[in-house]
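Subject: Handover of a structure

Dear colleague,

Please find the structure below, followed by an account of what was found in it. I would ask you to keep it open while you read.

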2 protein chains.
Amino acid sequence: MPPPASAVRPVVTEAPQGDTKARLLDAVVQIFAEQGFHATSMRAVTQLAGTSVSAANYHFGSKEELLRAALIQRAAPLNGLRLKALASAEAQTSPGPARVKAILEAFIVPLFELRTDPQHQEDSGRALAARLYVDPPELVKKMQQEVFGAVTAEFREALGRAVTGADREQLGLALELSFGVVVHLISGRFVWPDPRVDPSGTKRKKVVDSLVSFATAGLVALVCDEQQNPKKVGIRKK
Amino acid sequence: MPPPASAVRPVVTEAPQGDTKARLLDAVVQIFAEQGFHATSMRAVTQLAGTSVSAANYHFGSKEELLRAALIQRAAPLNGLRLKALASAEAQTSPGPARVKAILEAFIVPLFELRTDPQHQEDSGRALAARLYVDPPELVKKMQQEVFGAVTAEFREALGRAVTGADREQLGLALELSFGVVVHLISGRFVWPDPRVDPSGTKRKKVVDSLVSFATAGLVALVCDEQQNPKKVGIRKK
DNA sequence: GTCTATATGTTGATAGAC
DNA sequence: GTCTATCAACATATAGAC
């Protein structure tokens, strides 16, 4: 929100580059995504943002609220992309439910389409989301539910419509494992193809394709396992 | 069931069961597995062990060395079980290579067979292993390689023998994603069946089975994808 | 070996000048 | 709004008595 254009604004206090609030949000995202909550100190964040600890606490009140504000801001575009992709996937097979692979694609691919300002590390959005799933503090888990819970629920429901007969428990487990594949690829030690070697992004796309294929195959294997739920489970073809 | 050790009791264990060193190793494992490296303080560990910070530093020298000693101690039985299971899987199909599912089973199932003293939290071994894969600090990643690297390499090679034609890159990605499934199930928010409701462990076994099935299906889908590597990849049936 | 006491640095948060 | 200065509480590690 821009500052209210006060009538008696004395001198044009030219903000150097973007205002302090924005720089703080950028900084906390970057450090938290890499190091986790406990290792993210206010000093490191404010130093990276080129300001002081007191300025951060003036704007956000506390370390926790600073992180929360950043998460809410950054989760919005990802949630938007995911819901749009899910709607598109469901529209393609309307009036029937979407295919399983299309649903997982709608969940995964937007993670790799995030592109904010060129000044940002290109993968801050992804690493941030992944960190929310692996960081131990209870408050981080709550924030994860807070910023991703609603959209995750939408995908859960869409998947429930696409698969017939599987009990909710087994389907929930399968979806959870699919999350695991995604989270681990992002937060793990996987080394992405160097953009200088792979300027067109062909290799990157291949990795994302593999990710979707892996999750889909795993999920289908679970909800269709005859031994687990004989003769009652199937994938809706259309 | 003894009260959860997270309660900060001024542990006056009149009869020190086991020596101080052992109690320190137990304590650091428990807290680190739950909270991660940065959130694991020497104070919390030594308090849980019913001793002092100086005693811990006398025995282990530093926080890092205390954790390293604990990891080496705890990783040994898991590594043993895994290698034994892998050898058994390869023996069954000798002289040919083992089947993919048998290899993944040999990697995953031992995680759930760990049972140390009854005094321990039953899943400390699992949670510990998982934490090594998600904790940010560089030194934790090094320790993970230190205690699990050799055995992981064995499984990588066994998998290379079981799958024909897939390039190493794709196979490495597939194996990494399989790790992700396991790690996320253990370190994530998944709620295991209550042992009081599931005393025989039937439900637990079912979950582990699902885990293996998911990973196997995902891996096979990647290394056999015709689009990725047409006509050259196959799974050795025997 | 284990303790108390302490050294030395970092943390999150606040007070108050400007 | 942003800063410097300061706080109490925490961190890891060490010194020395017993």
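**Contacts with DNA strand D**

In DNA strand D, a base nitrogen is 3.2 Å from a side-chain N or O atom of B:Arg43; a polar contact is a pair of N or O atoms within 3.5 Å, and within protein one must be able to donate a hydrogen and the other to accept it, while residues adjacent in sequence count only if both atoms are side-chain atoms. This is a predicted model, in which local features need pLDDT of at least 70 and side-chain atom pairs count only at pLDDT 80 or more, whereas totals for chains, interfaces and linings use all residues. Residues are numbered from 1 along each chain as its sequence is written, chains are lettered from A and ligands numbered from 1 in the order in which they are written, and side-chain values use heavy atoms, with hydrogens and water left out.

Phosphate oxygens of DNA strand D are also approached: one is 2.6 Å from a side-chain N or O atom of A:Thr20, and one is 3.0 Å from such an atom of B:Ser41. Around this strand there are 16 residues, of which A:Thr20, A:Thr51, A:Ser54, A:His59 and B:Arg43 come nearest; a residue is near a strand if one of its heavy atoms lies within 4 Å of it. By class, the surface near DNA strand D has 4 nonpolar, 10 polar and 2 charged residues. Here Ala, Val, Leu, Ile, Met, Phe, Trp, Tyr, Cys and Pro count as nonpolar, Asp, Glu, Lys and Arg as charged, and the others, Gly among them, as polar. The largest share of that surface, 4 residues, comes from α3(A); helices are DSSP runs (H or I, at least four residues), numbered from the N terminus.

**Contacts with DNA strand C**

DNA strand C is surrounded by 16 residues, and A:Met42, B:Thr20, B:Thr51, B:Ser54 and B:His59 are the closest. Of the atoms of this strand within 4 Å of the protein, sugar and phosphate account for 47%. A base nitrogen of DNA strand C is 3.1 Å from a side-chain N or O atom of A:Arg43. A phosphate oxygen of the strand lies 3.1 Å from a polar side-chain atom of B:Ser52. With 4 residues, α3(B) gives the most to the surface near DNA strand C.

**The two protein chains**

How many residues of chain B are in contact with chain A? There are 40, and they meet 39 residues of chain A; contact means heavy atoms within 4.5 Å. Together the chains bury about 3300 Å², 66% of it on carbon and sulfur atoms. Buried area is the accessible area (1.4 Å probe) that two parts lose on being put together, summed over both. B:His184, B:Arg189 and B:Phe214 supply 23% of the area that chain B buries against chain A, more than any other three residues.

A rotation of 180 degrees with 0.0 Å of shift along its axis superposes chain B on chain A, with RMSD 0.1 Å. That is the relation of a two-fold axis; the copies are superposed by least squares on the C-alpha atoms of residues with pLDDT of at least 70 in both. The copies meet through the same surface, because 98% of the interface residues of chain B are also interface residues in chain A.

**Cis peptide bonds**

A:Ser94 and A:Pro95 are joined by a cis peptide bond, with omega about 5 degrees. In chain B, the bond from B:Ser94 to B:Pro95 is cis, with omega near 5 degrees.

Yours sincerely

Terms used
Helices (H or I, at least four residues) and strands (E, at least two) are DSSP runs, numbered from the N terminus.
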